[in-house]
Amino acid sequence: MAMDSDSLVRINHYPPSAAGDGDIKAASSVGFGEHSDPQILSVLRANDVDGLQVLLPDARGDHAWVQVPADPAAFFINVGDLLQALTNGRLVSIRHRVMASTTKPRLSAIYFAAPALHANILALPETVTANAPRRYRPFTWEEYKKTMYMLRLSHNRLDLFNVVADEGAEQE
């Protein structure tokens, strides 16, 4: 039986940034802009060059970019947008970016696990309760992927699939 998935592997090479002298300028030092991964999950392996940053809430409730320490022996796992939808928001697809080093090239390989294009994505029944109503309407991976390519990288695409408030009465 053949597997019918839309998974892929991507290799990224980030040459040293032209920013130089440690001068951080977002326009010249961003290797890959702010985004969340749209698939189910991502498995990342990179060399020993820093660059991966995640957007986390700070003590004041604001958000700040936090550097993920480089570890060439580690695999980094990112929850994707589809897994967030499947878990009704219990697992969160974290926003991240890659900043280019000013001195060394960064190399990464990422496996993006994705279902077949026709796969239906909806919250698992166990995740939908009276206290946690369905957050996202059902959709297919193909519908989500088409929407993703029509928007900017930094757009929070999953927001477009939120359940409308008046549908709340119809939830399981």
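Here is a short chat about how a few labels in this predicted model were assigned.

Author: Residues count from 1 along each chain as written, and side-chain values use heavy atoms, without hydrogens or water. As the model is predicted, local features need pLDDT of at least 70 and side-chain atom pairs 80 or more, while totals for chains, interfaces and linings use all residues.

Reader: Why is I11 called exposed?

Author: Exposed means over 50% relative accessible area, buried under 20%, and partly exposed in between (1.4 Å probe, protein chains only). I11 has 62% relative accessibility, so I11 counts as exposed.

Reader: And what makes N78 buried?

Author: The relative accessible area of N78 is 15%, and buried is under 20%, so the label fits.

Reader: Which side chain does N78 make a polar contact with, and how do you know?

Author: That of D37, at 3.4 Å. A polar contact is a pair of N or O atoms within 3.5 Å; within protein, one must be able to donate a hydrogen and the other to accept it, and residues adjacent in sequence count only if both atoms are side-chain atoms.

Reader: Why is the F139 and F161 pair called tilted?

Author: Ring centres (Phe, Tyr, and the six-membered ring of Trp) must lie within 6.5 Å; planes under 30 degrees apart are stacked, over 60 edge-to-face, the rest tilted. Here the centres are 4.6 Å apart and the planes 50 degrees, so the pair is tilted.

Reader: Are those two rings buried or exposed?

Author: Buried: F139 has a relative accessible area of 3%, and F161 is at 2%.
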